[in-house]
Amino acid sequence: MAIGTQNDNDDVMAEINMIPFIDVMLVLLIIFIITVPVIKHAVNIELPQASVNKVQDKPENVRLSVDAQGQYFWNDQRVDDTDFANRLATVAAQDPQPELHIRGDKAVRYERVAQAMAAAQRAGVRKIGFITEPER
């Protein structure tokens, strides 16, 4: 069904009739307004209360290096065996304990690294890790 004008030319109409589109949009708007409260449903639950506790700061890791001659270096500072045992006892007494990262030279005898691990265990250090270099 075409809507004509007074003059009966066979020219094509260049304007769009917007009234049917507006009617459809208004009907859809009314439908959405009615259905939104029906769609919105919630389950009533009681959520737990969160406690506010201060999180302890993690202490800085201790780097223990063993060079090729078997000398110990505590955070890049040379230490002798007696001072090494005292420092391990100090670390073991801290709460929370820092991690002990052991870096052994490739040429060092395994005995020196094992002595460091045994001393750390005797002192009560619970977290020991090994630092290695990946293969290239």
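Modeller: A salt bridge is taken here as a side-chain nitrogen of Lys or Arg within 4 Å of a carboxyl oxygen of Asp or Glu. The model is a predicted one, and a search of the whole structure finds five such pairs.

Biologist: Why is the pair D76 and R63 called a salt bridge?

Modeller: Their side chains meet with N to O at 3.2 Å; the limit is 4 Å, so the pair qualifies. This salt bridge links distant parts of the chain, since D76 lies in the loop between strand 2 and strand 3 and R63 lies in strand 1, 13 residues apart.

Biologist: What makes D76 exposed?

Modeller: The relative accessible area of D76 is 53%, and exposed means over 50%, so the term applies. R63, at 30%, is partly exposed, because its value falls between the limits of 20% and 50%.

Biologist: Which residue of helix 2 forms a salt bridge with D83, and how are the two placed along the helix?

Modeller: The partner is R87, with N to O at 3.3 Å. R87 and D83 are four residues apart in helix 2, and therefore separated by about one helical turn. R87, at 24% relative accessibility, and D83, with a relative accessible area of 27%, both count as partly exposed because neither value is under 20% or over 50%.

Biologist: How do you know that the length of helix 2 agrees with its number of residues?

Modeller: Helix 2 comprises 13 residues (81-93), which at 1.5 Å a residue should span 18 Å; the end C-alpha atoms are 19 Å apart, so the two values agree.

Biologist: Which residues of helix 2 are buried, and how do you know that they share a side?

Modeller: F84, L88, V91 and A92 are the buried residues of helix 2. They cover an arc of only 95° around the axis, which puts them on the same side of the helix. On the other side of helix 2, T82, N86 and A93 are exposed.

Biologist: Against what do the buried residues of helix 2 pack?

Modeller: They pack against strand 1, strand 2, strand 3, strand 4 and helix 3. F84, leaving aside its neighbours within four places in sequence, is in contact with L64, Y72, W74, V79, A116 and A119.

Biologist: Which members of the largest nonpolar core touch the most other members?

Modeller: Of its 18 residues, these are L64, Y72, W74, F84, L88, L100 and V125. Strand 1, strand 2, helix 2, strand 4 and helix 3 each supply at least two residues of this core.

Note on methods: Residues are numbered from 1 along each chain as its sequence is written. This is a predicted model: local features need pLDDT of at least 70, side-chain atom pairs count only at pLDDT 80 or more; totals for chains, interfaces and linings use all residues. Side-chain values use heavy atoms; hydrogens and water are left out. The expected span of a helix is 1.5 Å times one less than its number of residues. Buried means under 20% relative accessible area, exposed over 50%, partly exposed in between (1.4 Å probe, protein chains only). The arc is that of the directions from the helix axis to the C-beta atoms. Contact means heavy atoms within 4.5 Å. A nonpolar core is a set of buried Ala, Val, Leu, Ile, Met, Phe, Trp, Tyr and Cys residues joined through side-chain atoms within 4.5 Å.
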